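Q: Please take a close look at one part of this model and follow it outward to what surrounds it. I would like the cut-offs stated as you go.

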Amino acid sequence: MTTLYIDADACPVKDEALEIADRHQVACVFVSNGGMRPSRYPGARMVTVADGADAADDWIVEALLAGDIVVTSDIPLAARALDKGAKVVNSNGRDFTPESIGTALSMRAFQQHLRETGESKGYNKSFAAADRSRFRQSLERILRSLR
């Protein structure tokens, strides 16, 4: 059975992910460092990991199986999940694929270099309604493709 893992600490589409997972009868697991209110997400399994860099990422990678789905904006986590055969979608609805992950990792390293050298302030584009809509469409498409 497919499981949907959500890298939940900064995920802006938790409600949408749970709604779509419920509709497709897919188990949904929220993984976070800070803990979340279970009452807000009654259909999901809540996992709180120890503080520390990449603790949630490590838990997700250890738990997932080929064919599972991961929702994350964390590019290194996306790469690790793809290596295990998972499908990965960003919270803005863009898929990470084996073909696109190398470019994403390179751009991440380049952007980090620009921030470290002061060439970029590191501002992220704000999350928009179009991103939320694209996420819903992408997750629906992925779940339908698994049937």
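A: Helix 5 and its surroundings

Helix 5 runs over residues 129–145, and at 1.5 Å a residue its 17 residues should span 24 Å, which agrees with the 25 Å that separates its end C-alpha atoms. The expected span here is 1.5 Å times one less than the number of residues, while helices (H or I, at least four residues) and strands (E, at least two) are DSSP runs, numbered from the N terminus. The model is a predicted one, in which local features need pLDDT of at least 70 and side-chain atom pairs count only at pLDDT 80 or more, although totals for chains, interfaces and linings use all residues. Residues are numbered from 1 along each chain as its sequence is written, and side-chain values use heavy atoms, with hydrogens and water left out.

The buried residues of helix 5 are Asp131, Phe135, Ser138, Leu139, Glu140, Ile142 and Leu143, where buried means under 20% relative accessible area, exposed over 50% and partly exposed in between, with a 1.4 Å probe and protein chains only. Their cover includes strand 1 (3–7), helix 1 (14–23), strand 4 (69–71), strand 5 (87–89) and strand 6 (95–96); contact, in this and later statements, means heavy atoms within 4.5 Å. Serine 138, which is found in helix 5, counts as buried because its relative accessibility is 6%. Setting aside residues up to four places away in sequence, serine 138 touches Val89, Gly93 and Asp95.

From helix 5 the picture leads to helix 1, whose buried residues pack against strand 1, strand 2 and helix 5. Those buried residues of helix 1 are Lys14, Glu16, Ala17, Leu18, Ile20 and Ala21. Alanine 21, a residue of helix 1, is buried because its relative accessible area is 0%, and beyond its neighbours within four places in sequence it is in contact with Leu4, Val26 and Cys28. The C-alpha atoms of alanine 21 and glycine 102, which are 81 residues apart along the chain, are separated by 28 Å. Helix 1 is followed by glutamine 25, whose phi is positive, near 55°, although glutamine 25 is not a glycine. Glutamine 25 has its place in the loop between helix 1 and strand 2, and it counts as exposed because its relative accessibility is 66%.

Strand 1 can be followed through threonine 3, which lies in that strand and is buried because its relative accessible area is 14%. Not counting residues up to four places away in sequence, threonine 3 touches Val26, Ala27, Val29, Asp68 and Ile69. Threonine 3 and proline 98 are 95 residues apart along the chain, and their C-alpha atoms are separated by 20 Å.

Strand 1 and strand 4 also belong to the cover of helix 2, since what covers the buried residues of helix 2 includes strand 1, strand 2 (27–32), strand 4 and helix 3 (75–83). In helix 2 (residues 55–63) the buried residues are Ala55, Ala56, Asp57, Ile60 and Val61.

Among the residues that line the second largest pocket are Asp7, Cys11, Asp57 and Val71. A pocket, on a 1 Å grid over the protein atoms alone, is an open set of points where a 1.4 Å probe fits, with protein on both sides within 12 Å along at least five of seven lines, and lining residues have an atom within 4 Å of a point. About 190 Å³ of space lies in this pocket, the volume being the space filled by probe spheres set on the points, with grid points joined across faces, edges and corners. The lining divides into 4 nonpolar, 3 polar and 4 charged residues, with Ala, Val, Leu, Ile, Met, Phe, Trp, Tyr, Cys and Pro counted as nonpolar, Asp, Glu, Lys and Arg as charged, and the others, Gly among them, as polar.

Two cysteines complete the view. A search of the whole structure finds 0 disulfides, a disulfide being a pair of cysteine sulfur atoms within 2.5 Å. The sulfur of cysteine 11 has its closest cysteine sulfur in cysteine 28, and the 9.2 Å between them is too far for a bond. Cysteine 11 is buried because its relative accessible area is 7%, and cysteine 28 counts as buried because its relative accessibility is 3%.
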